[in-house]
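Subject: A structure for you to look at

Hi there,

Here is the structure I promised to pass on. Have it open while you read, and take your time with it.

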Amino acid sequence: MSQGPRTGLAAVSDALLAMSRHLEVRDVLKTIVASARELLGAQYAALGVPDDHGGFAQFVVDGVSDDQWKAIGPLPRQHGILAAMLREARPERLADVRKDPRFEGWPSAHPDMSDFLGLPIRDGDEVIGALFLANKQNCPKPEGGCGFTEQDEDLLAILAQHAAIALTNARLYERSRELTIAEERSRLAHELHDAVSQKLFSLRLTAQAAAALVDRDPARAKGELQQVAALAAEAADELRAAVVELRPAGLDEDGLVATLRTHVQVLDRAHTARVTFDSHGVRALPSAQEEAVLRVAQEALHNALRHSAAQEVRVTLARHGTGTLLRVTDDGSGFDPKAVRRAGRHLGLVSMRDRASGVGGTLTVESAPGKGTTIEMEVPGG
């Protein structure tokens with residue numbers, strides 16, 4: 001086995017246990033990459049999960065700083081050495097990747113790499129990923145060179161086999177969770193349809209009866225109208241109960257701050273824009289307020305990342321006087337807030353204002369073409 005920062009059976013065992021410990025696909029990918037880089041003493045490691053369009057659905061790196069990764073730009077395509085590994089499903093061990101005829105270069109901000117070791121990750125006959133390392137560290141350098149050995153390749157092959165198991169299990173877990181959520185939502189939708197539809201049908205018939213009785217029997221018409229009011233209240237209760245059941249589980253389990261932080265971290269990994277979150281002194285809010293704040297934050301983040309071409313989006317949640325203030329700021333293209341009807345419909349501003357006012361809060365929007373956008377929502381309490 002090659003000599004790296006950590007060697008031996010215990011180190012391998014720790015790496016394999018770490019892989020199997022995670023259930024989220026992204027966490028599994030990060031653990032695989034970090035374990036491979038540490039065990040084999042590489043300067044850089046990466047793992048790509050291919051999509052069906054010549055690119056990568058997910059791509060995780062280790063040994064590259066966040067600033068470097070942002071500067072490198074879009075995810076790589078499946079070309080050159082990466083394409084060969086995915087297409088031919090065989091290991092690639094090169095003394096200098098830059099001298100390989102399949103090498104097609106890399107972006108200017110990309111770190112310089114020489115010796116290279118890569119293996120496909122396979123689930124049966126399917127290649128589900130490509131794991132590769134670059135720049136072997138802490139090894140003898142005969143004639144000024146240093147590279148990965150056959151023993152390194154054997155060790156990486158063991159990691160790749162276990163990575164396939166861990167990644168497949170994580171995918172199955174996420175798929176199972178998605179199906180559970182879909183089934184639960186389908187059940188709730190069915191119950192909601194049955195219960196509320198019956199109430200509304202009864203309400204309509206009762207209202208028609210009241211209308212027919214208004215002239216010839218006002219007393220009975222009054223009774224029917226009272227029944228209309230009661231049925232409407234019951235329908236509202238049914239809707240309210242369904243909304244409570246559909247409330248995001250993260251809020252109930254983790255609270256607003258943790259849920260929003262997790263959401264921001266996911267978006268930061270998924271987009272080229274830098275997305276950050278900061279919180280100061282916020283206490284727990286009533287559930288309705290927490291959900292409203294979360295939904296407004298999600299809508300504002302969606303706008304910034306999908307429509308504004310922002311490079312940086314900042315989310316803050318903090319105490320503000322006797323209340324709590326959510327602020328979402330981006331450096332994107334901005335818009336003219338005076339064009340309320342067009343902008344409001346396009347960016348969901350009407351919905352956000354309704355959510356804020358529905359829990360006793362306020363929503364303000366500051367923006368200008370080319371000047372970015374700031375959305376603030378303030379609610380009492382917290």
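Which residue in the turn of the hairpin formed by E7 and E8 has a positive phi? That residue is Gly-321, with a phi of about 65°. The hairpin has two residues between its strands. Please keep in mind that this is a predicted model.

Let's stay with those strands for a moment. E7 covers residues 312-320, and E8 covers residues 323-330. Eight bridges hold this pair in the antiparallel sense. To find the pairing on your screen, look for Ala-318, which stands opposite Leu-325 in E8.

E7 also pairs with strand E6 (residues 274-280). Here the two strands run parallel, and seven bridges join them. A good place to look is Ser-279, which stands opposite Leu-317 in E7. Helix H8 (residues 287-307) belongs to this picture too: E6, H8 and E7 make a β-α-β unit, and that unit is left-handed.

Now for some empty space. The second largest pocket has a volume of about 510 Å³. Its lining is made of 29 residues, and those nearest its centre are Pro-76, Leu-82, Trp-106, His-110 and Phe-132. Among the elements that give two or more residues to this lining are strands E1 (42-50), E2 (56-62) and E5 (126-136), as well as helices H3 (66-72) and H4 (80-88). What kinds of residue line the second largest pocket? The lining divides into 23 nonpolar residues, four polar and two charged.

Enjoy exploring!

Best wishes

Conventions: Residues are numbered from 1 along each chain as its sequence is written. This is a predicted model: local features need pLDDT of at least 70, side-chain atom pairs count only at pLDDT 80 or more; totals for chains, interfaces and linings use all residues. Side-chain values use heavy atoms; hydrogens and water are left out. On a 1 Å grid over the protein atoms alone, a cavity is a set of points where a 1.4 Å probe fits but cannot get out, and a pocket is an open set with protein on both sides within 12 Å along at least five of seven lines; lining residues have an atom within 4 Å of a point. Grid points are joined across faces, edges and corners, and a volume is the space filled by probe spheres set on the points. Helices (H or I, at least four residues) and strands (E, at least two) are DSSP runs, numbered from the N terminus. Ala, Val, Leu, Ile, Met, Phe, Trp, Tyr, Cys and Pro count as nonpolar, Asp, Glu, Lys and Arg as charged, and the others, Gly among them, as polar. Two strands pair if DSSP finds at least two bridges between them. A crossover is right-handed if, with the strands pointing away from the viewer, the path from the first strand over the helix to the second runs clockwise.
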